[in-house]
Amino acid sequence: MKSLFKIIFRYSVTAGVIILGILICNMSVFLFWGYRTLEKDQPQKFDRAAVDEIGGQLYQENGQWKITETGIERAEDIECQWIMALDDEGTVVWEWRLPDDFARSYSLQDVAAFSRWYLNDYPVTVWRSGDLLLVVGLDKNSVVRYSEMFPLSNIRSIPGYFSMAFTMNVILILFLVLLLGYRFYKALRPIGKGIEKLSEQEPLNLKEKGMAGDLAKQLNQASAILQEQKEKLSKRDQARTEWISGVSHDIRTPLALILGYADKLKKDGSLDEEEKRAADIICRQSLIIRQLIEDLNLTSKLAYQAQPLKKTLCSPAQLLRECAADIYNEEITEEKNTETEIELSISPEMEKVRISADPGLLKRALRNLIGNSVRHNPDGCQVRIRLRRTGTQIIWEIFDTGKGIPEIVVQNMDAQTEKVHIMGLRLARQIARAHGGDLRFCPRGTGTYDVKMAIPEDEY
């Protein structure tokens, strides 16, 4: 579910950034448009300086007002429709393109009316130039005059309105982000739970509707396929376990007869030494076969969790000594491999340690590990076994001065191959893992390995 929350968080942040970016872009475009509009609608031709320049080109000659050629050019430049100049009495003393239907004299009331508004439907602009009042008529189809009065308090409150609008926009953005994020989370939550169940091989039955309907349908299909495969594998594993168990049971009876007759022949005084030696070999090889069958049966049960752990409070030091004694008596003394020595290193602290474990399985694992060092070094070697504690783990370390464990064995611990026969090591690892630990290989630097088995002390 953490990954789902991470997706929702990124989605919400992305949505917020996008919405905020759109808002900023809109405000930027609005401000740019407003600036360009003001700049376009208030060109130089309509400003006070241009009209003052025209008024400055007026002059009196023989009691009449006239304008210079420069003034005429300037009037044409500002693209106005007409211009007239009024004296203090409201009489038109000079005009340029003034329509014929316009009055040539205006009262104070008339001037006050059109100075901020219209004159004969022409929007006008009025400037004082010297002793004259210049009235400029603008194009009816390009300019609109609108006059309104606003309280000063309203003008002063404009920044507050902008702040309020910005705050409301931010609140709206947050609301939309949370709403979209929640809807996205609500749509993906079943998918996230379904993926968790799928990883745990649990069956799914998600509702195939909404935003994630297609994804839910695919997950349901994948779950159905996995459940079918799981059922087939379970049946196959059950059949394999039952077959191994049946074969092991069927072999025990003839093997017991072989062992019995071979032991009887070995003790028969009428046989010569060569025949007794052959009977002894039959006994020992039969015991090896029985051990392999037991290992095969046990490893099969451990692989499919069919072997329950019979935990009791036991001493790891005592288990090690018992295993070493058994191997010394059975594989060293009886095989007359007197060149092999087993050395134990157990500290006084470890003598007091007690763990809850299956002593039979642990002894089986230790016998396999120690027995490997003895059996694979027939010319003899020194086997050193150290029992120690590291943190919360109990560790049995098995080192020998012989050949060591080959690289090919370590590489094929998880592979099904006929290159090497490593059932004993695999069984030891299965037993360690069944107790919450593991088997570890320690490189010697010569291409071979030693081995150690570790199980957690506080696991139990």
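The side chains of Asp-400 and Ser-373 are joined by a polar contact of 2.8 Å in this predicted model. Asp-400 belongs to strand β12. Its relative accessibility is 9%, so Asp-400 counts as buried, the cut-off being under 20% relative accessible area. Beyond its neighbours within four places in sequence, Asp-400 is in contact with Ser-373, Asn-377, Cys-381, Gln-382, Val-383, Arg-444 and Asp-450.

**Nonpolar cores**

Strand β12, residues 393-400, is also one of the elements that each supply at least two residues to the largest nonpolar core. This core has 38 residues. Within it, the residues with the most contacts are Ile-355, Leu-362, Trp-396 and Met-453. Its other contributors of at least two residues each are the helices α9 (316-333), α11 (359-375) and α13 (423-434), together with the strands β10 (355-357), β11 (382-390) and β15 (448-456). Helix α11 gives the most, with seven residues.

Which residues does Met-453 touch, not counting those up to four places away in sequence? Its partners are Leu-362, Ala-365, Leu-366, Leu-369, Ile-394, Ile-395, Trp-396, Ala-428, Ala-432, Asp-438 and Leu-439. A second core, separate from the largest one, has 18 residues, among them Ala-75, Trp-96, Leu-134 and Leu-138.

**Helix α3**

Ala-75 also appears among the buried residues of helix α3 (residues 69-77), alongside Gly-71 and Arg-74. These residues cover an arc of only 100 degrees around the axis, and therefore lie on the same side of α3. In general, an α-helix has 3.6 residues a turn, so residues three or four places apart point the same way. After α3 comes Glu-79, which has a positive phi near 55 degrees.

**The five-stranded sheet**

Five strands form an open sheet with antiparallel pairing, in the order β4-β3-β7-β6-β5. The edges are held by β4 (92-96) and β5 (118-119); each has a single partner strand, so one side of each is left without a neighbour in the sheet. Strand β3, residues 82-86, pairs with β4 over four bridges in the antiparallel sense. In this pairing, Leu-86 stands opposite Val-92 in β4. Strands of a sheet pair in general through backbone hydrogen bonds, either parallel or antiparallel.

**Loop residues with positive phi**

Two loop residues have a positive phi although they are not glycines: Arg-97 and Asp-121. The loop of Arg-97 runs between β4 and α4 (108-114), whereas that of Asp-121 runs between β5 and β6 (122-129). Are these residues buried or exposed? Arg-97 is exposed, with a relative accessible area of 52%, and Asp-121 is exposed, with a relative accessible area of 58%. The cut-off for exposed is over 50%.

| Residue | Phi | Relative accessible area |
|---|---|---|
| Arg-97 | about 60 degrees | 52% |
| Asp-121 | about 70 degrees | 58% |

**The protein as a whole**

The secondary structure comprises 13 helices and 15 strands. The protein has 460 residues, of which 33% count as buried. Among contacts between residues at least 6 apart in sequence, 61% join residues at least 24 apart. The exposed area of the protein is about 29400 Å², with carbon and sulfur atoms supplying 55% of it.

Terms used. Residues numbered from 1 in each chain as written. Predicted model: local features only at pLDDT ≥ 70, side-chain atom pairs only at ≥ 80, totals over all residues. Heavy atoms only, no water. Buried < 20%, exposed > 50% of the residue type's maximum accessible area, 1.4 Å probe, protein only. Contact = heavy atoms within 4.5 Å. Areas by Shrake-Rupley, 256 points an atom, 1.4 Å probe, with all protein chains shown as cover. Pairing = 2+ DSSP bridges. Core = buried A, V, L, I, M, F, W, Y, C linked by side-chain atoms within 4.5 Å. Polar contact = N/O pair within 3.5 Å; in protein donor to acceptor, adjacent residues only side chain to side chain. Arc of directions from axis to C-beta.
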